Amino acid sequence: MDFNLPPALVAYLAELDKFIETEIKPMEAEDDNIRFFDHRREWARTDWENGGLPAHEWEALLGRVRRKADAAGHLRFGLPKEFGGKDGSNLWMAVIREHLAAKGLGLHCDLQNEHAIVANNPFVLMLRDFGTAAQQAEFTQGMLNETHRIAFGLTEPNHGSDATHMETRAMPESRNGVAGWRIDGEKMWTTGMHVATHCLTFVRTAGKDGDATGISAFLVPSATPGVKIEEYLWTFNMPTDHPRVSFTDVWVPEDALFGPPGGGLALAQHFVHENRIRQAASSLGAASFCIEESVKYARVRKPFGEALARNQGIQFPLVELATQVEMLRLLIRKTAWEMDQMAKPEVERRLSDKVSMCNYWANRLVCEAADRAMQVHGGIGYSRHKPFEHIYRHHRRYRITEGAEEIQMRKVAAYLFGYMGPRRKEFEKL
């Protein structure tokens, strides 16, 4: 065993740090951009008079950062070289995402928007693995250049984790002599639809409710007649770009079908493990930030003339959190390294439980760390002059999205008790 990070990775972290200091920090300092990160952040980021959407200035600033990071060769790091990336492995991406999040809020990494100078862009790989030649020609460079943006329409008002019971339907229908499909239904939490050029819409095309097969995916242009944003759902963490979208008599040609007919759920699962391990690493980094800030504050804060840090009531909760951070870091890096040793289907069969362990525990841990940081900092910790309330409000959603923690714990249980995974044969005779 060798728990040392590869020297090349350590060198790359230093390169990222230099890029942040010389290129990104000056952007934070100009034009009062710090308003997007100090106590004014929620007010500055939100267009309250426009449905609570992200303010144009905020999104434009993030776009500038992405272009700068892309020009420097960082943004596409995790993508294959054929797409201008550097074939970043799961281990490298996990370490990098933790490293960036541990720095706290900033233009280098703002997880409320899934924004980072080293990006995660799963749609590009979905196009490579499932798209037709025509779809790849239209969308791949378009997504990398941000002329094409794809929203994800899976969840519905009446169906979240139970995706196989979705009510949105597509029926074969020809119009003007052209074969195609008519789509009717509703989707919830269709993040990014306000700027999306297309919505990857999951619908039932065959079978009955509950069937894992018979669900197909279509690339529906956002401007298609019948596609309507009904409302933007205001959340615990603002601004919001999570609308409820209706599809009424929406018609698309046959070439809008994305992936195999009836095999849409395979698309939805295609990048789940990479997403979960990287998101777990980001939550770990944010938790570490909260703990470190609390330790520093407790050393300098002197109520009644003595450092707050001398009180065991302050020490012990932070000790427990720091212990969990150390243990979780090892599990995340080990799991990410193991993912790099096998193909995607094998990850599902052998490692899915470990990925879920990392993800649900990291999401819970960061919420506990942010809450404890507020407590240690007292009144100022509860205020928006410290970042902890923002970290808590953002990361609390991950205990629901990316697979609710109960769903992920159910996966772990299925592996543990041999209902699926490597232990299945062990329990077959019982």
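Colleague: Let's start at the N-terminal end: is Phe 3 buried or exposed?

Modeller: Phe 3 is exposed, at 64% relative accessible area (over 50% is exposed, under 20% is buried, anything in between is partly exposed, with a 1.4 Å probe and protein chains only). Phe 3 sits in the segment before helix 1 (7-29); helices (H or I, at least four residues) and strands (E, at least two) are DSSP runs numbered from the N terminus. Before we go on: this is a predicted model, with residues numbered from 1 along each chain as its sequence is written, and side-chain values use heavy atoms, without hydrogens or water. Local features need pLDDT of at least 70 and side-chain atom pairs 80 or more, while totals for chains, interfaces and linings use all residues.

Colleague: Which residues make the nonpolar surface patch with Phe 3?

Modeller: Met 1 and Leu 330 join Phe 3 there, in a patch of about 470 Å². Patch members have over 30% relative accessible area and no salt bridge; like charges are joined within 9 Å, and nonpolar side chains (Val, Leu, Ile, Met, Phe, Trp, Tyr) within 5 Å. The areas are Shrake-Rupley values with a 1.4 Å probe, and for residues only the protein chains shown count as cover.

Colleague: Now pockets. Which residues are closest to the centre of the second largest pocket?

Modeller: General idea: rolling a probe the size of a water molecule over the atoms shows where empty space is left. On a 1 Å grid over the protein atoms alone, a pocket is an open set with protein on both sides within 12 Å along at least five of seven lines; in a cavity a 1.4 Å probe fits but cannot get out, and lining residues have an atom within 4 Å of a point. Points join across faces, edges and corners, and volume is the space filled by probe spheres set on them. The second largest pocket holds about 460 Å³. Of its 13 lining residues, Asp 2, Phe 3, Arg 333, Lys 334 and Trp 337 are the closest to the centre. Helix 9 (residues 312-339) contributes the most, six residues. By type, the lining has seven nonpolar, one polar and five charged residues (Ala, Val, Leu, Ile, Met, Phe, Trp, Tyr, Cys and Pro are nonpolar, Asp, Glu, Lys and Arg charged, the others, Gly among them, polar).

Colleague: And how many cavities of 30 Å³ or more turn up?

Modeller: One, from a search of the whole structure. The largest cavity has about 130 Å³ of space. Strand 3 (109-110) and helix 13 (388-395) are the elements giving two or more residues to its lining. Helix 13 gives the most, with four. Lining residues include Cys 109, Asp 110, His 390, Ile 391, His 394 and His 395, and the whole lining splits into six nonpolar, five polar and one charged.

Colleague: On to charges. How many salt bridges does the search find?

Modeller: Side chains of opposite charge can pair when their charged atoms come close. The count here is 39, where a salt bridge is a side-chain nitrogen of Lys or Arg within 4 Å of a carboxyl oxygen of Asp or Glu. Take Arg 175 and Glu 173, with the closest N and O atoms 2.6 Å apart. Arg 175 is partly exposed at 26%, and Glu 173 is partly exposed at 23%. Asp 32 and Arg 40 pair at 3.0 Å, N to O; Asp 32 is partly exposed at 36% and Arg 40 at 25%.

Colleague: Which parts does the Arg 364 and Glu 405 pair tie together?

Modeller: Their side chains meet at 3.2 Å, N to O. Arg 364 is in helix 11 (residues 352-377) and Glu 405 in helix 14 (residues 405-416), so the bridge links parts 41 residues apart in sequence. Both residues are buried. Elsewhere, bridges with shared partners connect Arg 41, Glu 42, Arg 384, Glu 389 and Arg 393 in one network.

Colleague: Last one, backbone: which peptide bond is cis?

Modeller: Most residues other than glycine have a negative phi, and most peptide bonds are trans. Here, the bond from Met 238 to Pro 239 is cis, with omega near 10°. Pro 239 lies in the loop between strand 10 (227-232) and strand 11 (243-253).

Colleague: What is the phi of Trp 189?

Modeller: Positive, about 55°, although Trp 189 is not a glycine. Trp 189 is in the loop between strand 7 (180-187) and strand 8 (198-204), and is partly exposed at 40%. Glu 146 also has a positive phi, about 65°, in the loop between helix 6 (133-144) and strand 5 (150-153).
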